Amino acid sequence: MVKYNEYNPSEIDRREVYRILTGSVVPRPIGWASTIDGNGKTNLAPFSFFTVVCVVPPMISLTIARNPDGSEKHTLKNIKSTKDFCFNVVTEPVWQEMVDTGNAIPEGESEFELTGLSSLPSVKIKSPRVLESPIHFECRLQEVIELGPHKHPLVIGEVVYFHINPECMSGGYINMEKLLPIGRLNGHYYSKLGQILQREFEDGQPR
Ligand SMILES: Cc1cc2nc3c(=O)[nH]c(=O)nc-3n(C[C@H](O)[C@H](O)[C@H](O)COP(=O)(O)O)c2cc1C
């Protein structure tokens with residue numbers, strides 16, 4: 001019988017809680033959010049506390065923590081101001097640029113200029129898209145839910161337009177071997193796709 005290590009989150013340091021959560025919920029997809037401020041300055045930042053929320057209508061979520069001084073991150077400020085954001089899929093060719101966009105830079109400077117990435121206009125929203133990413137979801141802000149005593153902002157966006165590079169698709173599906181998505185692990189580690197598995201049944205039908 002394994003003697004599991006046991007932890008009560010209310011009795012351990014928050015850094016230890018973070019280590020357990022980010023080492024257990026793995027690999028996490030990365031919501032690479034592009035936004036724009038009221039002066040037309042673009043912004044780009046990665047969020048791995050990110051997932052799909054529902055399908056009809058399509059919605060996704062980002063958890064955007066406050067900065068250590070309690071201020072709001074630029075992404076959240078921009079989303080609250082324009083009421084929209086774009087989610088861009090992070091792939092192998094741009095994963096290092098994605099990491100660089102996670103560094104805090106002064107308001108009024110753009111991660112696009114810092115990394116040399118190019119912005120593309122969107123169809124339905126003010127926020128730009130990332131040219132170097134093969135999939136973009138144009139999202140309108142549905143709601144910012146403030147969770148718990150520290151009011152952690154959970155941003156829910158409704159996807160109002162999809163853009164997919166056809167080179168990532170085969171037979172109507174997004175093909176993982178062509179997409180080459182990147183996942184976030186714990187610490188400063190990331191992952192590529194490993195071997196892709198499919199359970200084999202006697203009747204030969206996958207399910
Ligand atoms: C891979 C990766 C994932 C991240 N995930 C999150 C996250 O889920 N929530 C969050 O608040 N910050 C996250 N960060 C940190 C933000 O990207 C970082 O604070 C960034 O500077 C915010 O930029 P902004 O102020 O332009 O919005 C992540 C950073 C990296 C590199």
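This passage describes the sheet, the helix packed on it, the ligand shell and some backbone features of a predicted model. Because the model is predicted, local features were considered only at pLDDT of at least 70 and side-chain atom pairs only at pLDDT 80 or more, whereas totals for chains, interfaces and linings use all residues. Residues are numbered from 1 along each chain as its sequence is written.

Seven strands, here DSSP runs of E with at least two residues, numbered from the N terminus like the helices (H or I, at least four residues), form an open sheet in the order 2-1-5-8-9-4-3, with antiparallel pairing; two strands are taken to pair if DSSP finds at least two bridges between them. Strand 2 (residues 42-47) and strand 3 (50-54) stand at the edges, each with a single partner strand, so one side of each is left without a neighbour in the sheet. Neighbouring strands of this sheet are turned by 35° against each other on average, direction ignored, where axes are lines fitted to C-alpha atoms, for helices over the stretch in contact, and angles run from 0 to 180 degrees between N-to-C directions.

At one edge, strand 1 (residues 31-36) is joined to strand 2 by 6 bridges in an antiparallel arrangement, and Gly31 has Phe47 of strand 2 as its bridge partner. These two strands form a hairpin with 5 residues between them, and in its turn Gly40 has a positive phi of about 85°. Although strand 2 is an edge strand, 5 of its 6 residues are buried, so this strand is largely enclosed by the rest of the structure; a residue is called buried if 20 or more other C-beta atoms lie within 10 Å of its own, exposed if 12 or fewer, and partly exposed in between, with C-beta atoms placed from the backbone.

Strand 5 (84-88) is joined to strand 1 by 3 bridges and to strand 8 by 5 bridges, antiparallel in the latter case as in the former. Trp32 has Asn88 of strand 5 as its bridge partner, while Phe85 stands opposite Cys139 in strand 8. In a regular strand the side chains alternate between the two faces of the sheet. In strand 5, Asp84, Cys86 and Asn88 on one side and Phe85 and Phe87 on the other are all buried, and both faces are thus covered. Further along the sheet, 12 bridges join strand 8 to the antiparallel strand 9, and Ile135 stands opposite Ile164 in strand 9.

Helix 2 (74-82) lies across strand 1, strand 2, strand 5, strand 8 and strand 9, and runs at about 55° to strand 1. Its buried residues are His74, Thr75, Leu76, Asn78 and Ile79, and they pack against those five strands, contact being defined as C-beta atoms, placed from the backbone, within 7 Å. The largest nonpolar core (a set of buried Ala, Val, Leu, Ile, Met, Phe, Trp, Tyr and Cys residues joined through C-beta atoms within 7 Å) has 30 residues, and those with the most contacts inside it include Trp32, Phe47, Phe87 and Cys139. Helix 2 and strand 2 are among the elements that each supply at least two residues of this core. Not counting residues up to four places away in sequence, Phe47 touches Ile30, Gly31, Ala33, Leu62, Thr63 and Ile64.

The ligand is surrounded by 17 residues, of which the closest are Ala45, Phe49, Lys73, Thr75 and Gly102; a residue counts as near if its C-beta atom, placed from the backbone, lies within 6 Å of the molecule. Strand 2 gives the most to this shell, with 4 residues, and helix 2 supplies at least two.

Most residues other than glycine have a negative phi, and most peptide bonds are trans. Lys83, in the loop between helix 2 and strand 5, has a positive phi of about 65° although it is not a glycine, and Leu180, in the loop between helix 5 (176-179) and strand 12, likewise has a positive phi, of about 55°. Cis peptide bonds join Val26 to Pro27, with omega about -20°, and Val56 to Pro57, with omega near -5°. Pro27 lies in the loop between helix 1 (14-24) and strand 1, and Pro57 in the loop between strand 3 and strand 4.

Terms used. Contact = placed C-beta atoms within 7 Å.
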